[in-house]
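Ready for some short exercises? Have a look at the model first, then work through the steps.

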Amino acid sequence: MPTPSEQKALAFLVFVILLGGAVRVVRAGAPPAPTPAEAGALDHQIAVADSARTRGRAKKPRKVRVRPPSGRDTGAAGADPFAGVPVSDSRRDRPQG
């Protein structure tokens with residue numbers, strides 16, 4: 001039978017072991033710190049997004065009209081739903097070709 005002081009010592013050791021285990025569990029769930037390359041890439045992406053946002057506010061959005069298909073195309077099985085959309089309007093930031 002352990003003495004009261006031995007019981008206190010054992011309780012203290014159990015408390016320290018449980019606390020250490022809890023710290024390890026919490027650290028295992030946390031995301032790892034980004035590497036310098038990842039941090040640099042993230043900073044670059046933030047700068048690009050900010051510049052695109054400020055540039056986008058200066059321009060007014062361009063309205064694009066799409067003509068509905070004619071009456072003869074509406075029930076056809078092989079009709080192209082994008083026949084009235086010009087290819088040049090698909091992506092302005094990428095060169096065509």
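Two exercises with worked solutions follow. The model is predicted, so local features need pLDDT of at least 70, side-chain atom pairs count only at pLDDT 80 or more, and totals for chains use all residues. Residues are numbered from 1 along each chain, and side-chain values use heavy atoms, without hydrogens and water.

**Exercise 1.** Compare the span of α1 with the expected one.

*Solution.* Start with the chain: it has two helices and zero strands (DSSP runs of H or I, at least four residues, and of E, at least two). Next, take 1.5 Å times one less than the number of residues. For the 26 residues of α1 this gives 38 Å, and the end C-alpha atoms are 38 Å apart, so the two agree.

**Exercise 2.** Classify Leu19 as buried, partly exposed or exposed.

*Solution.* First locate Leu19: helix α1, residues 4-29. Then apply the cut-offs: buried is under 20% relative accessible area, exposed over 50%, partly exposed in between, with a 1.4 Å probe and protein chains only. Leu19 has 48% relative accessibility, so it is partly exposed. Finally, look around: α1 has zero buried residues.
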